[in-house]
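Please take a look at the structure below. This report starts with one strand and then widens the view.

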Amino acid sequence: MRRLLLAAGAFAFTALHAAPVLLTHEVPTYTQDFETLPTASAAAWLDDSTLPGWYASATAFAKSINAGGLHLYSNSQNGNTLGLGILGITATGHSISLLLTNPTQEAITNLTINHLLYVGYIPDSHRQTQLTCSYAIGNAADLLADNATSHPIPALSQTYLAGFDAAQFSNQLHTTLPVNLLPNNSLLLKWSVPAGASQYGVAIDNLAITAQFGQPQDIPETPDTPDAITPIPLTRRGYAQNINVTTIQAAHTLPAGWRIDSTNTARTLGTYTAALTNGLKSISAGDTPTTGLSRYEGSYFDYAIGALSSGTACKTANIYLCASNSTHQHINHITLDYSIEKYRCGTNPDGYSIRLYTSPDGQTWTEHPDAITSFLPDPTNDKTDTPPIATQRKQHTLPVNLPPDAHLYLAWSYSVTTGSTTSNAQALALDNVTLTPILTARPVIIRIR
């Protein structure tokens, strides 16, 4: 039998053979519900034996729910069915893989892949967790020795923010993957999580893969980069975003140009390209805000994007915007208007703030100290049935050097005003954003004849 061993960041297999799953004209579909897996604590895992064609970065199921490695998670939102899960820990990431082989005389040109992805374990101090799905094509020996080029599958990957709502952690994922899986070649499908402390344990269930056969085709490269940047166009008339009910749909996807992230360190910024385009919870008017980034509903169906810290999670939450100069002129100043709204009181003695930053590249940030919006501590941690509790309207003129078509990145960063203690926090949110460019005057040309 082969074993998948994690060592120095690479996976190595030791064995004489593999037992792939065969996709044929007669049986083009493979399904797996993981219900036959052993449920005993610390049960042994044997690659391509416990489940034929399956490999894992551990040789046994973990002994406890918070131990890193391989897990069998029950999904309470799906009738307590079982799913195959993985949990990364401080020094070690983990993965599970499925080996598929084409034994026919015709190429496989598409794979339709469906599965349920859900969180099976939430640590007390949960941090952002990235589950990545990828595939590689080649002969089985090279694939199992990690000697083939890997390609990400964004549609089957998921990032879970620190402090996110567990109730939204069950998602049905689907994609049709164009491939060139030639006769007698194999494809290794891998789900992995990196090393890191206090991560979520994630699982897959109800996997279904269907092959389509045909002539080999040219497959465009799948970029191994975050989502393409789609800036908002900043025209001469400016830009306005009031975060209304249609702005963020039920899928919790942000409008074009906007992204979010969170960290477990106070007053810390990330990068725009690594931030997420979705992942907001929805907090209805009158409901108690919960830890993490959310779309808050105010009175009269007004909405705002904001966050709430706990003592251990979401200590910083960042809201990013990328704007492109679409005026065809040089912009040297931008007037920025926005509102910061409070959706929960907090007794934290250091108070809470939202700071404003700008960047020419979305990586190196400059703070604008005169644009900080701060709230003093409250006597209680109460919410209100008619939010927001309080609102501060801000107007700030930003000096910029923005040629036509250049990008400007903005970040509104929520965190405790000073110190590092983030318990008893206030929930603050951003709303009613407008950007108005101040254009460089065009020269007046006078011709004298």
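## A strand covered on both faces

In this predicted model, strand S18 is covered on both of its faces. Trp-258, Ile-260 and Ser-262 lie on one side, and they are buried. Arg-259, Asp-261 and Thr-263 lie on the other side, and they are buried too. In a regular strand, side chains alternate between the two faces of the sheet. S18 spans residues 258–263, and 6 of its 6 residues are buried.

## The partner strand

S18 pairs with strand S22, which covers residues 316–325. The two run antiparallel, joined by 6 bridges. One of the bridge partners is Leu-321 in S22, which is matched with Trp-258.

## Asn-325 in S22

Strand S22 also holds Asn-325. Is this residue buried or exposed? Asn-325 counts as buried because its relative accessibility is 0%, and the cut-off for buried is under 20%.

The side chain of Asn-325 makes polar contacts with backbone oxygens. The backbone oxygen of Gln-329 is 2.7 Å away. The backbone oxygen of Leu-402 lies 2.8 Å from a polar atom of the Asn-325 side chain. Asn-325 also touches residues beyond four places away in sequence, among them Leu-234, His-330, Pro-403 and Asp-405.

## The whole chain

The protein chain has 449 residues, and 51% of them are buried. It contains 1 helix and 29 strands. Among contacts with a separation of 6 or more, 78% join residues 24 or more positions apart. The accessible surface comes to about 19,300 Å², and carbon and sulfur atoms account for 52% of it.

Note on methods:
Residues are numbered from 1 along each chain as its sequence is written. This is a predicted model: local features need pLDDT of at least 70, side-chain atom pairs count only at pLDDT 80 or more; totals for chains, interfaces and linings use all residues. Side-chain values use heavy atoms; hydrogens and water are left out. Helices (H or I, at least four residues) and strands (E, at least two) are DSSP runs, numbered from the N terminus. Buried means under 20% relative accessible area, exposed over 50%, partly exposed in between (1.4 Å probe, protein chains only). Contact means heavy atoms within 4.5 Å. Accessible areas come from the Shrake-Rupley method with a 1.4 Å probe; for residues, only the protein chains shown count as cover. Two strands pair if DSSP finds at least two bridges between them. A polar contact is a pair of N or O atoms within 3.5 Å; within protein, one must be able to donate a hydrogen and the other to accept it, and residues adjacent in sequence count only if both atoms are side-chain atoms.
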